[in-house]
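Visitor: Please take one part of this model and look at it closely, with enough of the surroundings to place it. I would like the criteria behind each term as well.

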Amino acid sequence: TTSPIHYPAFVRVFVKRSPNTSDHAVYYVDRMVKWVAYIGSFTMASLVGITGVAVVFRYIINDPIFGIYDISEMVLLTTVACSFAYGGREGAHVAVDVLNLVGGRRVTRWTDVLVRLLGIGITTVTVYALLVQGNCGLRCGHFTPNLAIPFKPFYIILAFGLGAYGLVLIAEFVDGLRHFRDPIDPNEKNN
């Protein structure tokens, strides 16, 4: 048997090894996805608060807050960026799995490989494009209309969110290859 890895105390808070999982990469990706989802939940709650304050000022006090739309838009963008990985990992999207009905696992084991590779490629290109556009910044006119909040940090946040989803796809791709001959793909939520 191998001896367990001993992490320093400050690392043990964030890193836990699960004895119930055979694939630690998927386990760690799941933990990362949950932390990103917690950040997204916090930004969603703050968006609700911002919207509530904006409604009170606009309709009760009759004095709308200048630039509140810009702030709401950037907080919403952060919420959406944090939802990519969680939505992809937990299957929080609409899916019509016709290939599974028609060909079963003998067809989907091949299409899963193809689709995950395409997804990894597309997210890689998108993350690169976001980082390039984010670096253009103010000289390209990338800022909000009222408060002139630069888009650069939010392009980076979007790149981070899509990069996290890319890690989900990579982990599912590797795990799918490990279970290629199995009758059920462990990453399929509707099995």
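Guide: What follows is a close look at helix α3 (residues 68-90), with the parts around it.

This is a predicted model, in which local features need pLDDT of at least 70 and side-chain atom pairs count only at pLDDT 80 or more, while totals for chains, interfaces and linings use all residues. Residues are numbered from 1 along each chain as its sequence is written, and side-chain values use heavy atoms, with hydrogens and water left out.

The setting comes first. The chain holds six helices and zero strands, where helices (H or I, at least four residues) and strands (E, at least two) are DSSP runs numbered from the N terminus. In order from the N terminus, the elements read α-α-α-α-α-α. The chain has 191 residues, and 34% of them are buried; buried means under 20% relative accessible area, exposed over 50%, and partly exposed in between, with a 1.4 Å probe and protein chains only. The accessible surface of the chain is about 12,400 Å², with 69% of this area on carbon and sulfur atoms. Such areas come from the Shrake-Rupley method with a 1.4 Å probe, and for residues only the protein chains shown count as cover. Of the contacts between residues at least 6 apart in sequence, 68% join residues at least 24 apart; a contact means heavy atoms within 4.5 Å.

Within α3, two residues can be followed individually. S72 belongs to this helix and counts as buried because its relative accessibility is 17%. Apart from neighbours within four places in sequence, S72 is in contact with L47 and I50. T79 is also found in α3, and its relative accessible area of 10% makes it buried. With residues up to four places away in sequence left out, T79 touches G40, T43 and M44.

Those partners lead to helix α2, which covers residues 24-60. Among the buried residues of α2 are G40, T43, L47 and I50, and G40 and T43 are contacts of T79, while L47 and I50 are contacts of S72. The list of buried residues in α2 also includes V26, Y27, V29, R31, V33, V36, A37 and A54. The buried residues of α2 pack against both α3 and α6.

The length of α2 can be checked against an expected span, defined as 1.5 Å times one less than the number of residues. For its 37 residues this gives 54 Å, and the end C-alpha atoms are 53 Å apart, so the two values agree. D30 is also placed in α2; with a relative accessible area of 22%, D30 is partly exposed. The C-alpha atoms of D30 and Y86 are 8.5 Å apart, although the two residues are separated by 56 positions along the chain.

The loop between α2 and α3 contains N62. This residue has a positive phi of about 65° and is not a glycine. N62 counts as exposed because its relative accessibility is 64%.

The other partner to consider is helix α6 (residues 152-178), whose axis comes within 8 Å of that of α3 and crosses it at roughly 5°. This makes α3 roughly parallel to α6. Axes here are lines fitted to C-alpha atoms, for helices over the stretch in contact, and angles run from 0 to 180 degrees between N-to-C directions. Angles under 35 degrees count as roughly parallel, over 145 as roughly antiparallel, 65 to 115 as roughly perpendicular, and the rest as oblique.

On the α3 side, the residues that meet α6 are M74, L77, T78, A81, F84, A85, G88 and R89. On the α6 side they are F154, I157, L158, G161, L162, A164, Y165, V168 and E172. By class, this contact of α3 with α6 has twelve nonpolar, three polar and two charged residues. Here Ala, Val, Leu, Ile, Met, Phe, Trp, Tyr, Cys and Pro count as nonpolar, Asp, Glu, Lys and Arg as charged, and the others, Gly among them, as polar.

Helix α6 has a further partner, since buried residues of α5 pack against α4 (98-103) and α6. Among the buried residues of α5 are R105, D112, I120, V127 and L130. The 32 residues of α5 should span 46 Å, and its end C-alpha atoms are 46 Å apart, so expectation and model agree. The loop between α5 and α6 contains A148, a non-glycine residue with a positive phi of about 55°. Its relative accessibility of 42% makes A148 partly exposed.
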